[in-house]
Amino acid sequence: MDHFDYEFEHVSGKENIADAASRIGEKRDDPQFGYFKETHELCLVDIDTGYIKVWEEHLKDEELQTVMKWLDNKKKWPSEISKFQPFQAEMYVQGGALMKQEKLVLPTILRKRALGVAHRSHPGMSTMKNFLRQGLWWPGMDREVESFVRSCPECQLVKM
């Protein structure tokens, strides 16, 4: 005994939002596929020492302020910010903060704290890098993670 009455209809993959996962890499001029830059608001970071206002640190960070001023400049950048120039096309300013793609470029003063927070449970280098890469970026971040983990006494004991 059949309790249901089914009707099947073919929907082309190009028009089928359920098939969006297989088309993630394609760029579309359709808001449902996210061609607009999403607004990100990262105002506070809660860590042991209290609240730190990331936006305020951006305003204080002379290096990042200089980078923001040079973003539209096609000339060779000054040596003190030249490490950012290879990423010029991927960076933009949003809400007064420097972004690289969809990641916040973390002010220099907050980087050691971010490394400490990411290393609390002593993950491996790869896990720690992936965790930080979810929403943050700065030049040389991977090397700093590697150095941070290599200098952790507890992590070095585990290797022995």
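Which residues of helix α2 (residues 62–70) are buried? In this predicted model, they are Glu63, Leu64, Val67 and Met68.

## The two faces of α2

The buried residues of α2 span an arc of only 135° around the helix axis, so they lie on the same side of α2. The face turned away from that buried side carries Glu62 and Lys69, both exposed.

## Packing and the start of the helix

On the buried side, the residues of α2 pack against three helical or strand neighbours and more, as listed here: α1 (54–60), β3 (91–94), β4 (97–100), β5 (103–105) and α3 (108–118).

Asp61 stands at the start of α2. One of the side-chain oxygens of Asp61 comes to within 3.1 Å of the backbone nitrogen of Glu63, and Glu63 is itself one of the buried residues of the helix.

## Positive phi at Gln101

The loop between β4 and β5 contains Gln101. The phi angle of Gln101 is near 55°, a positive value in a residue that is not glycine. Gln101 has a relative accessibility of 39% and therefore counts as partly exposed, since the class covers values between 20% and 50%. The strands on either side of this loop, β4 and β5, are among the elements against which the buried residues of α2 pack.

## Positive phi at His122

His122 is located in the loop between α3 and α4 (125–133). Phi of His122 is positive, at about 55°, although His122 is not a glycine. With a relative accessibility of 32%, His122 also counts as partly exposed. Helix α3, which precedes this loop, is another of the elements packed against by the buried residues of α2.

How values were computed. Residues numbered from 1 in each chain as written. Predicted model: local features only at pLDDT ≥ 70, side-chain atom pairs only at ≥ 80, totals over all residues. Heavy atoms only, no water. Buried < 20%, exposed > 50% of the residue type's maximum accessible area, 1.4 Å probe, protein only. Helix = DSSP H or I, 4+ residues; strand = E, 2+ residues; numbered from the N terminus. Arc of directions from axis to C-beta. Contact = heavy atoms within 4.5 Å. Polar contact = N/O pair within 3.5 Å; in protein donor to acceptor, adjacent residues only side chain to side chain.
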